[in-house]
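User: Could you pick one part of this and take me through it slowly, along with whatever it connects to? I'm a first-year student, so plain words would help a lot.

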Amino acid sequence: MSPTTQAAIRDTDAPLLQLTDVTTHFRTPRGLVRAVDGVSFTLERGKSLGIVGESGSGKTILSRSIMGLLPTHGTVRSGSIKYAGREIGNLGRKEMRSVWGREMAMIFQDPMTSLNPLMKIGDQIAEPLRIHLKMNKVDAWATARKLLQDVRIPEPDRRLHQYPHELSGGMRQRVMIAIAMACGPTALFADEPTTALDVTVQAQILDLLGEQRRERNMSIVLVTHDLGVVAGHTDEIAVMYGGKLVEKASTRRLFAAMKMPYTEALLASIPKMSDASHTRLAVIPGRPPDLVNPPKGCRFAARCPYAQEKCIAEEPPLTVTADDPDHSYACWFPVGSPEYHEARARLSDKKNTVEAA
Amino acid sequence: MSDTTTPRRSLRQRLHLPRLGVLFGLVWLGSLTILTVLANHVPAAVPFIRYYDSKVKVDGKVKKYGFGPGLDAWFGTGKSAEDIFARCIYGAKLTLLIGIGATIIGLVVGALIGVLSGYFRGWTDRVAGIATDSLMSIPPLLLSLVLVLRLDDLKEQYSWMGWISRPWQLSLTLGLVSVAPFARIVRAQTMVLREREFVTAARSLGASRSRIIARELLPNLIPAMVTVAFTGLGILIAAEAGLAFLGMGVEEPHTWGKMIDIARDDIEKAWWATAFPCLMLFLTVLSFNLLGDELARRFDIREAAV
């Protein structure tokens, strides 16, 4: 991609990221694993999206599919991934190399293993600058120093000459962010960026990401299993379950008027400060569905407390709510529907009779 | 003093010395190297070592196995009245050089095959795997014997191969024999490394394959390669001795293996002429193994059998 076409891509009106019916399947001895199964969404420039789901919901595979970082062996992909109006889903490794780093970059879960233990911090930040922007060593190191300041690392001059083992986990994740931002990407994928960090450091890293997003007008895709992480830090939230998108809305809307019982259950499983101590943590019973032989109907039906016959027999399509065009969900009897209240009342009756007996 | 809380540290720990075996290995290999270099190149610096060809005469006469171990000749004298100690020191040079040469050849070729097949996997890995497996299925001793003899023939046939002297023949042969085990270990390590997140991270920043291999994989493979190089050195030196014993030795100054080969017929008359080169060989191989083990411990490398 030449610099001029690259500039043209940055200027188009097309949404930054447009996924249409993206599927990623893996061939395994057990059969075809449907890790990502028909996901569509759009992300505008400068916005942030949180992808939430439990382990095995396909959220990491989805982000790596978009980045094109999956192994080619045994992977079956289909659907369209458009980046600034340009199809990138079918690009080869060579073509992707001009996209990686300059257009899209990624931050990984474990800062302990995502830095090369044998390279100085300065060299690791300078390397993408030298590959992509053809900087000389002096300029690259000067830019690296500035990047370290941007990610709020004290004493950047000293840190540049240190090796990863001399830095704490939070510090290393800051370095990872600096490396990912080095070439000024327009989209940043963060795959559980705070999972391996202390709670106190988590908030700092998330704030830093938000700050950099505003300053650089980047889009961020934040992949996490923790609704609490995305709550205050993303514009939109997409909830994934069993390889499918089950609900998507703006963050405010999702927390105020969720439609999907799975989202409700996820939220209920977060401990609240207002609860009395020793309150039992709400858990979602059962296990995520088998992605080799997914259930015929709604994939959450087996664990859904409100599931009815229709849920098991037929798969609910992703539908848009009447009052908010940006809010979509996949459920036959969403939270707030008459059937939902009926099922809820039945559940509490059953509970009462059990308690009475 | 009633110091019951802290366990007494041994003298070694208090002086921050390495383990006894490691210390021995370092001292042995260090002094051997220094002595053999000095003896071969600056004989004046080591007056206590005789020239390797000088005869130790008994009452002015050359006598076969004239002296046993003692003050006249520390390790005794040999078949043509030469000083065994001097010969052991002079011979160490080629013994070590052939071992080091073979290790370098084996490691460079083996690492190349290992890194490529471990990183690219798929067809590259399969082809390389078949090649190394077939190499390993031939008994190494037989393979080396045939190769050395074949190189002899080739040298006579083609003049451009004239540079391949006996030491080179041995290095090339032993190097080739050790390619397969080196390749296997490097391949295994590469497969572990390529799945590490920093390699994916480098990929996600648009680093090319050659850059990933050169900057991310190779530096991280060095500890493993150094470790197997040490263990391999010990084995290859012993293998060279084995070949020399079978008649594939070098011309003078003889390596230890060749010395053992020459003296073994007279072991009943003069045990020292066989025993001391054997001892040198044993201690040297032991030293390399001890150092290799220590490196493996330090770098936490689980080694496949070389």
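Analyst: **From the chain contact to the sheet**

Keep in mind that this is a predicted model. The contact between the chains uses 21 residues from chain A and 15 residues from chain B. On the chain A side, the elements that give two or more residues are α3 (93-99), β6 (104-107) and α4 (121-132). The largest share comes from α4(A), which puts in three residues. Sort that side by class and you get eleven nonpolar, seven polar and three charged residues.

Let's follow β6(A) into its sheet. Which strands sit in this open sheet, and in what order? Eight strands line up as β6-β7-β8-β3-β9-β10-β12-β11 of chain A, and the pairing is mixed. β6(A) and β11(A) (319-320) stand at the edges with a single partner strand each, so one side of each has no neighbour in the sheet.

Now look at β3(A), residues 48-52. Strand β8 (219-224) of chain A runs parallel to β3(A), and five bridges join the two. β3(A) also pairs with β9(A) in the parallel sense, this time over four bridges. A handy residue to click on is A:Val52: A:Thr224 in β8(A) stands opposite A:Val52, and the bridge partner of A:Val52 in β9(A) is A:Val239.

How well covered is β9(A), residues 236-241? Mostly covered: six of its six residues are buried. A:Glu236, A:Ala238 and A:Met240 point one way from the strand, while A:Ile237, A:Val239 and A:Tyr241 point the other way. Moving along the sheet, β9(A) is joined to β10(A) (244-250) by six bridges, and these two strands run antiparallel. One bridge there puts A:Glu236 together with A:Ser250. The two strands make a hairpin with two residues between them, and A:Gly242 in that hairpin takes a positive phi near 55°.

Next, the core. The largest nonpolar core has 97 residues, and A:Ala178, A:Val221 and A:Val246 have the most contacts inside it. Helix α7 (169-181) of chain A gives this core its largest share, eight residues. Zoom in on A:Val221 and, leaving out residues up to four places away in sequence, you'll find that A:Val221 touches A:Leu43, A:Leu49, A:Ile51, A:Ser63, A:Ala187, A:Phe189 and A:Ala190. There is also a second, separate core of 65 residues, which includes B:Val177, B:Leu243, B:Ala244 and B:Trp272.

A charged residue deserves a stop too. A:Glu192 lies in the loop between β7 (187-191) and α8 (199-216) of chain A. Why does A:Glu192 count as buried? Because 20 other C-beta atoms lie within 10 Å of its own, and 20 or more is the cut-off for being buried. Setting aside neighbours within four places in sequence, A:Glu192 is in contact with A:Gln109, A:Val223 and A:Thr224.

Chain A has another open sheet, with four strands in the order β2-β1-β4-β5 and antiparallel pairing. Its edges are β2 (31-43) and β5 (86-87), each with a single partner strand, so one side of each is left without a neighbour. Inside this sheet, β1(A) (17-28) and β4(A) (75-83) run antiparallel and are joined by eight bridges. One of the bridge pairs is A:Leu19 with A:Ile81 in β4(A). Helix α2 (59-67) of chain A packs on the sheet and touches β1, β2 and β4, with its direction at about 70° to that of β2(A).

Finally, cross over to chain B. Helix α7 (197-204) of chain B has six buried residues out of eight, so the helix is largely enclosed by the rest of the structure. Among the buried ones are B:Phe198, B:Val199 and B:Arg203. The buried residues of α7(B) pack against α2 and β6 of chain A, together with α6 and α8 (209-248) of chain B, which brings us back to our starting strand. Just after α7(B) comes B:Gly206, with a positive phi near 90°.

As for α6(B) (166-194), its axis comes within 5 Å of the axis of α3(B) (84-120), and the two cross at roughly 35°. That crossing is right-handed, and the contact has 21 nonpolar, ten polar and three charged residues.

Conventions: Residues are numbered from 1 along each chain as its sequence is written. Chains are lettered from A and ligands numbered from 1 in the order in which they are written. This is a predicted model: local features need pLDDT of at least 70, side-chain atom pairs count only at pLDDT 80 or more; totals for chains, interfaces and linings use all residues. Axes are lines fitted to C-alpha atoms, for helices over the stretch in contact, and angles run from 0 to 180 degrees between N-to-C directions. A crossing is left-handed if the near helix is turned anticlockwise from the far one by less than a right angle, and right-handed if clockwise. Ala, Val, Leu, Ile, Met, Phe, Trp, Tyr, Cys and Pro count as nonpolar, Asp, Glu, Lys and Arg as charged, and the others, Gly among them, as polar. Two strands pair if DSSP finds at least two bridges between them. Two residues are in contact if their C-beta atoms, placed from the backbone, lie within 7 Å. A residue is buried if 20 or more other C-beta atoms lie within 10 Å of its own, exposed if 12 or fewer, and partly exposed in between; C-beta atoms are placed from the backbone. A nonpolar core is a set of buried Ala, Val, Leu, Ile, Met, Phe, Trp, Tyr and Cys residues joined through C-beta atoms within 7 Å.
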